[in-house]
Amino acid sequence: MELVIATKNKGKFLEFQRMLEDIPVKLMSLEDFPEIEITEDGATFEENALLKAKITCTKTGMPALGDDSGLRVQALSGRPGVFTARYAGQGASDKDNIEKLLNELKDVPFEKRQAEFVCVLALVLPDGGTFIEEGKLEGYIALEPAGCDGFGYDPIFFVPQLEKTLAEAGPQAKDAISHRAKAIKKMKTHLINISQG
Ligand code: ITT
């Protein structure tokens with residue numbers, strides 16, 4: 001079965017490739033369909049994940065999987081939430097977003113910097129079949145960036161059980177516990193059933 005991951009984010013796509021390599025599904029991403037433009041205007045992760053998957057499925061005629069994910073920081077009443085990718089403005093770089101978040105939290109001590117990563121996946125099939133799954137990872141926003149693996153906010157997401165940031169932990173350790181790994185694990189059951197026809 002062919003499956004389009006409805007993302008332009010290379011870091012995300014690499015994680016899907018790693019975590020779905022053991023099932024008989026050929027993955028593509030929006031890099032393979034540069035003509036597809038998606039405007040994320042949903043109010044929730046679920047709405048945005050569905051939007052990405054529906055547009056991609058309609059335009060390609062193939063099963064599509066949307067991933068909408070982001071950070072909820074307790075001291076910021078759950079922000080940036082669905083605006084995580086655009087936190088420092090439309091088209092902001094990971095570096096700009098990290099700088100803005102660290103600046104907003106500059107007076108907040110480490111023990112009050114609880115945060116969670118959320119990942120919502122939406123799978124949309126050409127026959128209209130739809131599946132939604134979610135995963136979360138709890139941690140803290142570090143005082144400064146550390147590590148160079150991963151993508152996005154990984155250098156400032158400190159995971160107590162690893163005693164390091166996700167960017168220091170590396171891909172194997174991240175895939176064992178991440179928000180995306182938990183959502184993918186649940187979605188895999190549906191993908192296996194569908195690919196077996
Ligand atoms: P697509 O919409 O094309 O998939 P995007 O990066 O815009 O790419 P989102 O709208 O879902 O994706 O925004 C997710 C934001 O959360 C973005 O800033 C990511 O860098 C960040 N993010 C999501 N998962 C992450 C992870 O596992 N590690 C670090 N940052 C993550």
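**Helices, strands and burial in a predicted model**

Tutor: In this predicted model, helix α6 lies across β3, β4 and β5, and its direction makes an angle of about 160 degrees with that of β5.

Student: How do you know that the length of α6 agrees with that of a helix?

Tutor: Helix α6 comprises 17 residues, 179–195, and at 1.5 Å a residue these should span 24 Å. The C-alpha atoms at its ends are 24 Å apart, so the two values agree.

Student: Where does α6 bend, and by how much?

Tutor: The bend is at Met187 and amounts to about 30 degrees. Met187 is also one of the buried residues of α6, together with His179, Arg180, Ala183, Ile184 and Leu191.

Student: What covers these buried residues of α6?

Tutor: The cover includes α1 (10–19) and the strands β3 (64–73), β4 (114–124) and β5 (130–141). After α6 comes Gly197, with a positive phi near 75 degrees.

Student: What makes the sheet open or closed, and in which order do its strands lie?

Tutor: The sheet is open, with seven strands in the order β2-β1-β3-β4-β5-β6-β7 and mixed pairing. Its edge strands, β2 (26–29) and β7 (164–165), each pair on one side only.

Student: How do you know that β1 and β2 pair, and in which sense?

Tutor: Two strands pair if at least two bridges are found between them. Strands β1 (residues 2–5) and β2 have four bridges, in the parallel sense, so the definition is satisfied. Val4 stands opposite Met28 in β2.

Student: What makes β4 and β5 a pair?

Tutor: They are joined by 11 bridges in the antiparallel sense, and the pairing criterion of at least two bridges is therefore met. The two strands form a hairpin with five residues between them, and Gly128 in its turn has a positive phi of about 95 degrees. Val124 stands opposite Thr130 in β5.

Student: How many bridges join β5 to β6?

Tutor: Two bridges join these antiparallel strands, so the minimum for a pair is reached. Phe158 in β6 is the bridge partner of Tyr140.

Student: Why is Phe158 called buried?

Tutor: A residue is buried if 20 or more other C-beta atoms lie within 10 Å of its own. Phe158 has 21, and therefore counts as buried. Leaving aside residues up to four places away in sequence, Phe158 touches Gly139, Tyr140, Ala142 and Thr165.

Student: Why is Ser77 called exposed?

Tutor: The limit for an exposed residue is 12 or fewer C-beta neighbours. Ser77 has 8 inside 10 Å, so it counts as exposed. Ser77 lies in the loop between β3 and α3.

Student: Is Glu163 buried or exposed, and how do you know?

Tutor: Glu163 has 9 other C-beta atoms within 10 Å and is therefore exposed. The loop between β6 and β7 holds Glu163.

Student: What makes the phi of Ser77 notable?

Tutor: Most residues other than glycine have a negative phi, and most peptide bonds are trans. Ser77 is not a glycine, yet its phi is positive, about 55 degrees. Glu163, also not a glycine, has a positive phi of about 60 degrees.

Student: What kind of peptide bond joins Arg79 and Pro80?

Tutor: The bond is cis, with omega about -5 degrees. Pro80 is found in the loop between β3 and α3.

Student: Which element gives the most residues to the shell around the ligand?

Tutor: Strand β3 does, with four residues. The shell has 21 residues, and the closest are Thr7, Asn9, Ser69, Ala85 and Gly152.

Conventions: Residues are numbered from 1 along each chain as its sequence is written. This is a predicted model: local features need pLDDT of at least 70, side-chain atom pairs count only at pLDDT 80 or more; totals for chains, interfaces and linings use all residues. The expected span of a helix is 1.5 Å times one less than its number of residues. The bend at a residue is the angle between axes fitted to the seven residues ending there and the seven starting there. Two residues are in contact if their C-beta atoms, placed from the backbone, lie within 7 Å. Axes are lines fitted to C-alpha atoms, for helices over the stretch in contact, and angles run from 0 to 180 degrees between N-to-C directions. A residue is near a molecule or strand if its C-beta atom, placed from the backbone, lies within 6 Å of it.
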